[in-house]
Protein chains: 2
Amino acid sequence: MPEFLRRLPPPDAMALWLSNIQFLLTSEEIDTTLALDRVSSNPILAPHPLPPFSRSSVDGFALMAADTYGASDSLPAYLEISGEVMMGREPEIILHPSQSAIIHTGGMLPPGADAVVMVEHTQMVSTDEVEVLKPVAYGENILKIGEDVGQGEEIIPAGVFLRPQEIGGLMALGLTRVQVVRKPRVGIISTGDEVIAPEAHIGPGQVRDINSYSLSALVEEAGGIANRYGIVPDAETALREIVAEALKVNEIVVITAGSSASVRDLTSQVINNIGEPGVLVHGVNVRPGKPTILAACYDSTVGINKAVIGLPGNPVSALVIARMFIVPLIEKWLRVNRSFFFDHIKARLTINLPSQAGREDLIPVRIKLKNGLPEAEPIFGKSNLIFGLVRADGLLRVPPDATGLSVGETVDVIVF
Amino acid sequence: MPEFLRRLPPPDAMALWLSNIQFLLTSEEIDTTLALDRVSSNPILAPHPLPPFSRSSVDGFALMAADTYGASDSLPAYLEISGEVMMGREPEIILHPSQSAIIHTGGMLPPGADAVVMVEHTQMVSTDEVEVLKPVAYGENILKIGEDVGQGEEIIPAGVFLRPQEIGGLMALGLTRVQVVRKPRVGIISTGDEVIAPEAHIGPGQVRDINSYSLSALVEEAGGIANRYGIVPDAETALREIVAEALKVNEIVVITAGSSASVRDLTSQVINNIGEPGVLVHGVNVRPGKPTILAACYDSTVGINKAVIGLPGNPVSALVIARMFIVPLIEKWLRVNRSFFFDHIKARLTINLPSQAGREDLIPVRIKLKNGLPEAEPIFGKSNLIFGLVRADGLLRVPPDATGLSVGETVDVIVF
């Protein structure tokens, strides 16, 4: 399929791309201790109620609430102490009217008891008798069976990044293994006759491979597995072979093309030769990143269209466009819907920012606090300098319908 | 040293604790490919300028700017084409007046050239001659030596969490190994006669160990290494032995005490017996988490006071207090100053929230978008239910000087 669209706005480009890619849901079972930041693949149900028995939520005396009605400092209720509930054991005591049992926070409520009075509201008369100085309501200071979760209740929906509290909740229910979405594999290919490995000696005219490494880190941060395929010379056969190989074992294939026009054409030619539908978008209306190629290629082994993306060779464009297109793709594969606001900061723009209407601009900004409020300060300089991004705290998006933003405006900054 | 203070406000408690702990700065050298989310231990300087040579930033013709003065569509400048600059090689061409060389984006500028004209502003007359249709300024379309960073320039300060762009920037300079702060080790001890391992069969009156696992995950998320010491019975000798052992190999020791008052006293007694200064804060004016113990114990092997913290046994208090006190401690150890606003969201409160003046409340909230704006909806229920935190997106802090917050107020939510 030939390139049939040029310079789409980013959301349209993304939509067209997504509509041509198929996602498989594959999951794996792992130890819950290793599940931090993994994504639940299925809704997880409680195998039993939590707590599994009624527990005291205070230190005090388990009793029958009815025995304390009307109790006060001047007219206490006198209760027999039948014994003590030992932690971690089934109480051997059965309470009858006018009886009580010493109980600690977390202790199992003995049969017959329907409330607990806090120790602060009691006075020991002897080892056998206690004065209760305040009435206690039925069920007071008790954590009932299933009050946290009921048996069979959904405790974690599918598509959730597991946090420390989810890990704890799973353990509370004895779920020491958990089913999570398999991480998508992202094959990363750098091209360019001038590009050399970072550890190699650099000669005149050569530059080190930045993109393989910055993109790998981004992919891992987003929840994917990065497979680096090294640096491929700008030659069709070599590139086609490595892209075909990467397509077999990865769900997403990323090619950072050399930055010259002829090399970019090579990338799209190779993609079109690998599989249908081929290049879908050749050029996105965004800066940096205009020459981005979005594509999909049919992989007959699994019978689905896999995502292929050609990124500009310059390291800033490559990383910004990967943040814009590859991170959401990984999240889509993981079946998570990360909320918009969790990686955005509202900040006050420090200067007027002109922009070309009809094109989306992504501008590196520093975030600084002024009078306790965040301010976004654009970092200027040529758009292809990696250390511009190193100095930045995030990206300011100037929407395509704006002809610019004004000083003092509240803007959204993508934490990056 | 006896407990000399009770129920301090959280900031005062933290300040007192920190002033009694010593931090060692220990670093290690690791592969840059493994450095994502690690923290730089030293300022990193550029070993050479970047780019290391002047490069073209467009596809076009390298030339001398003076040759194009006054050039236009109707009166082009005619230049001889001396050859082509090959990517990744030192140009063999030396330009003289009225000469030019074909150059690609990223190509090394040949000697004699001082500007590049974009191919769009030229017309080939023959393979030997090109018409330049627009004047080019001196230095135009050139990325100069050191324009990204100069030799010896600080590229990454100490104390920075390394992101994909820092990884890329290091690789650009051939820095394939990087010096990072060693992760602090956090020893985690669960206590409680009623607590059993998550994989064990649960009997009446028993609960599974949640805290060892939720706290381990939190520690790892914050950049530390969690060492779990299992579940210790509520007995002084056993607890003292394990705390002493943990103190030797960890920078921070966390004890989640059984929740009853007697067991909490056991924890502080054990801490005071281990080393000076012992318990510093016994009780913090916050809910949940009131019975928190902040302590420091001298470790003679390294000659510093190490941090010890006793957390309430209930899993919500334990996790919330760990977020409040242990995460900043890990960041202090890592020497990072994570900006306040990166893990906070501003949201509109959905209801009136009464609160006791003089006490700080931390309330789990859900974040929902309404008309595109984030709203914070408190999750009610008893404060010791782990699944209350599972349902939450963050914690709303009700400051101690407030007697509550009103519906519609903009509040800060800690992403958690």
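1. A word on terms before anything else: the copies here are superposed by least squares on the C-alpha atoms of residues with pLDDT of at least 70 in both. Keep in mind that this is a predicted model. With that superposition, B:I345 is the residue of chain B that comes closest to the rotation axis, its C-alpha lying at 3.8 Å.

2. About that axis: chain B lands on chain A after a rotation of 180 degrees, with 0.0 Å of shift along the axis and an RMSD of 0.0 Å. The two copies are thus related as by a two-fold rotation axis.

3. Now the contact between the chains. Chain A puts in 71 residues and chain B puts in 71 residues. On the chain B side, the elements that each supply at least two residues include α3 (211–222), α6 and β23 (344–349), but the largest share, 8 residues, is from α2(B). Sorted by class, that side of chain B has 36 nonpolar, 20 polar and 15 charged residues.

4. Which surface does each copy use? The copies meet through the same surface, because 100% of the interface residues of chain B are also interface residues in chain A.

5. Have a look at the inside too. The largest nonpolar core holds 201 residues, and A:V254 and B:V254 touch the most other members. Helix α6 (residues 315–333) of chain B gives this core its largest share, 13 residues.

6. What does B:V254 touch? Leaving out residues up to four places away in sequence, its partners are B:V186, B:G187, B:I188, B:I189, B:L215, B:I309, B:L311 and B:I326.

How values were computed: Residues are numbered from 1 along each chain as its sequence is written. Chains are lettered from A and ligands numbered from 1 in the order in which they are written. This is a predicted model: local features need pLDDT of at least 70, side-chain atom pairs count only at pLDDT 80 or more; totals for chains, interfaces and linings use all residues. A nonpolar core is a set of buried Ala, Val, Leu, Ile, Met, Phe, Trp, Tyr and Cys residues joined through C-beta atoms within 7 Å. A residue is buried if 20 or more other C-beta atoms lie within 10 Å of its own, exposed if 12 or fewer, and partly exposed in between; C-beta atoms are placed from the backbone. Helices (H or I, at least four residues) and strands (E, at least two) are DSSP runs, numbered from the N terminus. Two residues are in contact if their C-beta atoms, placed from the backbone, lie within 7 Å. Ala, Val, Leu, Ile, Met, Phe, Trp, Tyr, Cys and Pro count as nonpolar, Asp, Glu, Lys and Arg as charged, and the others, Gly among them, as polar.
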